Amino acid sequence: MSARRQQLLALGIAAAGIALPFAIPDFRAQIAMLWALVIMAQTWDITGGQTGYNSFGNILFFGVGMYASVVVQRDTGLDYYAALALGMATGAAIAATLAVLLGSMILRMRGHYFAIATLGLGIAAGEIAGGWDYLGAGSGLSPPLFPAPPQTANLFFAYLYFALAALTFAALAALYRTRFGLALNAIRDNEDKAEAMGLRTGLYKITAWTIAAFVLGLTGGAMGNMLGFVDPRDTAFAGATFGVWMVLMAILGGKGTLWGPVLGATVFHITQELLWTHLLGWQRVALGLIIVGIVVFFPQGILGWARTRWPARHEQREQGSGRA
Amino acid sequence: MWKGWAGAVGAAALGASVLAAGHAVAKVEGDTVYLGAAVSLTGKYTTAGEHTQRGYDLAVKAINDAGGITVGGETYRLEVIYYDDESTPARGAQLAERLINQDGVAFMLGPYSSGLTKAIAPVTEQYGVPMVEANGASLQLFNKGYRYLFAVLSTTEQYLASAVALAAELAEREGRDLATLKLAGAFENDPFSQDIRAGVLEDAAKFGIQVVVDDQLPPELNDMAATLAKVKAVRPDILVVSGHSKGAALAIRQVQEMRVDVPMLAITHCDSADVIGKFGAASEYTLCASQWAPTLSYRDDVFGSAADFAVTFEAAYGYVPPYQAAESAAAVLVFADAFERAGTFARDAVRDALAATEMQTFYGNVRFDETGKNIAKPMVLYQIQDGAYVVVAPTRWAASEVRHPTPPWSER
């Protein structure tokens, strides 16, 4: 895909992002969720796809953002928007700090060891939040009601998440074109060689994870308000849903690509909304079949499969943008 | 290449139109009025979620079979649009939006559990959609000033209050000083059970009973051996366990396996966990908080008496209805009554009719206070006696004397 076509596609998506909440106003809540899922897939891919470090613990940053935001709203007494903005910023800052601290410890591990170490993070965080009275313990927290009719709230969150998704996409597109992006790919392809060439791999890995944590902190911060209820395991540190989905969506679209996570999240969300709600009780089975199907037939995701299927276009893409 | 993009855009447009078509279902279509419900058909609340759905279905069928409801001189049938909330609040809130916005539902039935109700109530409240719920008992639901939320069930602080009161009464009868009475509790770490805990601790304090164990159980309830080991060591007079259906089954199983001798075991959710069917004699003597019992003397025109409801339910589903099914059915009856009194399907008229509800159902009397909770129906306390649930408290409904204390395992 040439650079011009990528730009056209991005413009088309931007137009859709702006127009959709008005074109189909009844679907604003789902549109907001779609962009939130796109962000989750994008941020997971920074380490999972580009750097080759599969993290199953990114939900930690999402949940931290959610709690921080609602606690700030509860305790500062500011008006709704100011408290939300401050809360999201606080959540992102805490999430990023955690990523630096935890990253400097567990990012030394490689491959499966890293994956397993991260698996515990979300679970541990859920247990801590579930036992901590300041955070409402097992009863969870209720964020303040949005100070406008619900359709306005949905519009607000649809645009907020769209803006955040677009910014994340643009930032990552720019980032992957720099030496930083190349360094991440070098770590993925052969970490020992990268180190031998003088790359400070630890620093790159921690920075990559911190970027993901920062954005996820913002995403979680708004999500608590959008869902209207913060539960330690079911909405904040929801490893079994959002935590698995972010990995699944990135892999579905094609991990290690710029567009893959976006595509994967879109396909996943539309499938879920169109089909799952009508399967009454069988949707988890459907999800299982989809996962098996992806692993068996599209191990490289939709974009990876398309590349193998039409290698000529892939060549063109390589020349056009350096990396797709 | 461009053809490919055209195809993608076409597919997206098609997808959007399919999504948009969903809105065609109006809240009242022909002679059918639609109620919406997100229930737990998968996930940790599957068992109770199914009881909830079956309660709704049975009431809807009974009302429709009896000719439906008469609103403004015309007769209407009821129908429920269901989604599976997967026992997660995040999904529940999204599905409530979907039911209201895309399916055009103007009246909601509640989900199962306080957590899910907490997630859905803000949504229905903001849209001004009346919701009658039957399975969210947490007291915290009723201090938020919600106007569109109505609950037919008794709230959490009442669940095990009668058990604590009963223990105190029995101790007094034996001439024991209440300050020597020891209570051990284990509560799942979820909104409902934590509320139960608050109620139990408050009651214990009221009677001056010492609380010697106060444990939290994780939501992935598979083992409570650590708590029971402590219980064995401190030998309390009462053991209270609350953790939905899984917690009930776990408590009975492990108390038996570990031979924990405790004079009184009080739990919630016995009948929905079918502890008699699963554990037989090992479940004897257990006290169970219940919202309802088939032996109570309430009745209504749709189902007849409480016992009649139990017969109808068992004929349809092959098991005795747990109270979760009964209260869910009652929620539908309350809606039907409000529709008929309102004489219209306008949301606010129905909301006002609901607020003015004063009726008896097979499940109990229903009258809402200004916060929306039902204040006309007490909880009852069952004891498992000779393989059956027998009401032992409060005295007014008691069918039998409580058997106390529970003999040690060596004599059972």
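Start with how chain A holds itself together in this predicted model: among its contacts between residues at least 6 apart in sequence, 77% join residues at least 24 apart. So what is chain A built from? Helices, 15 of them, and 0 strands. Buried residues make up 51% of the 324 residues in the chain. The C-alpha atoms of chain A fit a box of roughly 55 × 45 × 40 Å along the principal axes. A compact globule with 324 residues would have a radius of gyration near 20 Å, and chain A agrees with that at 19 Å.

Now turn to chain B. Its secondary structure comes to 13 helices and 18 strands. Chain B is as compact as a globular protein of its length, because its radius of gyration of 23 Å is close to the 22 Å that the globule rule gives for 412 residues. The box around its C-alpha atoms, again along the principal axes, is roughly 80 × 60 × 40 Å. Of those 412 residues, 55% count as buried. If you take the contacts in chain B with a separation of 6 or more, residues 24 or more positions apart account for 68% of them.

Chain B also splits into domains, and each one is made of two stretches of sequence: domain 1 is 24-154 + 295-367, and domain 2 is 158-290 + 380-411. Taken over C-alpha atoms, 30 Å separate the centres of domain 1 and domain 2 of chain B. Where they meet, domain 1 of chain B gives 19 residues to the contact and domain 2 of chain B gives 14 residues. Look on the domain 1 side for α2 (46-65), α4 and α12 (323-342) of chain B, the elements that give two or more residues to the side touching domain 2. By class, that side of domain 1 of chain B has 7 nonpolar, 10 polar and 2 charged residues.

How many residues of each chain are involved where chain B meets chain A? The contact brings 33 residues of chain B up against 31 residues of chain A. On the chain B side, the elements that give two or more residues are α1 (2-21), β4 (74-84), α3 (89-101), α4 (114-127) and α6 (191-207). The largest share of that side, 7 residues, comes from α4(B). Sorted by class, the side of chain B that touches chain A has 16 nonpolar, 13 polar and 4 charged residues. Notice that α4 of chain B has come up before, on the side of domain 1 that touches domain 2.

Next, the nonpolar interior. The largest nonpolar core has 230 residues, and A:Leu37, A:Tyr161 and B:Val332 touch the most other members. Both domains of chain B take part, with at least three residues from each of domain 1 and domain 2. For a closer look at one of these residues, pick A:Tyr161: leaving aside its neighbours within four places in sequence, A:Tyr161 is in contact with A:Ala32, A:Trp35, A:Ala36, A:Ile39 and A:Ala222.

Finally, a word on confidence. The model scores ipTM 0.72 and pTM 0.79. Chain B averages a pLDDT of 88, with 94% of the residues scoring at least 70. Over residues 1-26 of chain B, though, the pLDDT is below 50, and this stretch has 15 contacts in the model beyond near neighbours in sequence. Keep those values in mind when you look at α1 (2-21) of chain B, one of the elements on the side that touches chain A.

Conventions
Residues are numbered from 1 along each chain as its sequence is written. Chains are lettered from A and ligands numbered from 1 in the order in which they are written. This is a predicted model: local features need pLDDT of at least 70, side-chain atom pairs count only at pLDDT 80 or more; totals for chains, interfaces and linings use all residues. Two residues are in contact if their C-beta atoms, placed from the backbone, lie within 7 Å. Helices (H or I, at least four residues) and strands (E, at least two) are DSSP runs, numbered from the N terminus. Ala, Val, Leu, Ile, Met, Phe, Trp, Tyr, Cys and Pro count as nonpolar, Asp, Glu, Lys and Arg as charged, and the others, Gly among them, as polar. The radius of gyration is taken over C-alpha atoms; the globule rule is 2.2 Å times the number of residues to the power 0.38. A residue is buried if 20 or more other C-beta atoms lie within 10 Å of its own, exposed if 12 or fewer, and partly exposed in between; C-beta atoms are placed from the backbone. Domain bounds come from an automatic or database domain assignment. A nonpolar core is a set of buried Ala, Val, Leu, Ile, Met, Phe, Trp, Tyr and Cys residues joined through C-beta atoms within 7 Å. pLDDT is the predictor's confidence in each residue, from 0 to 100.
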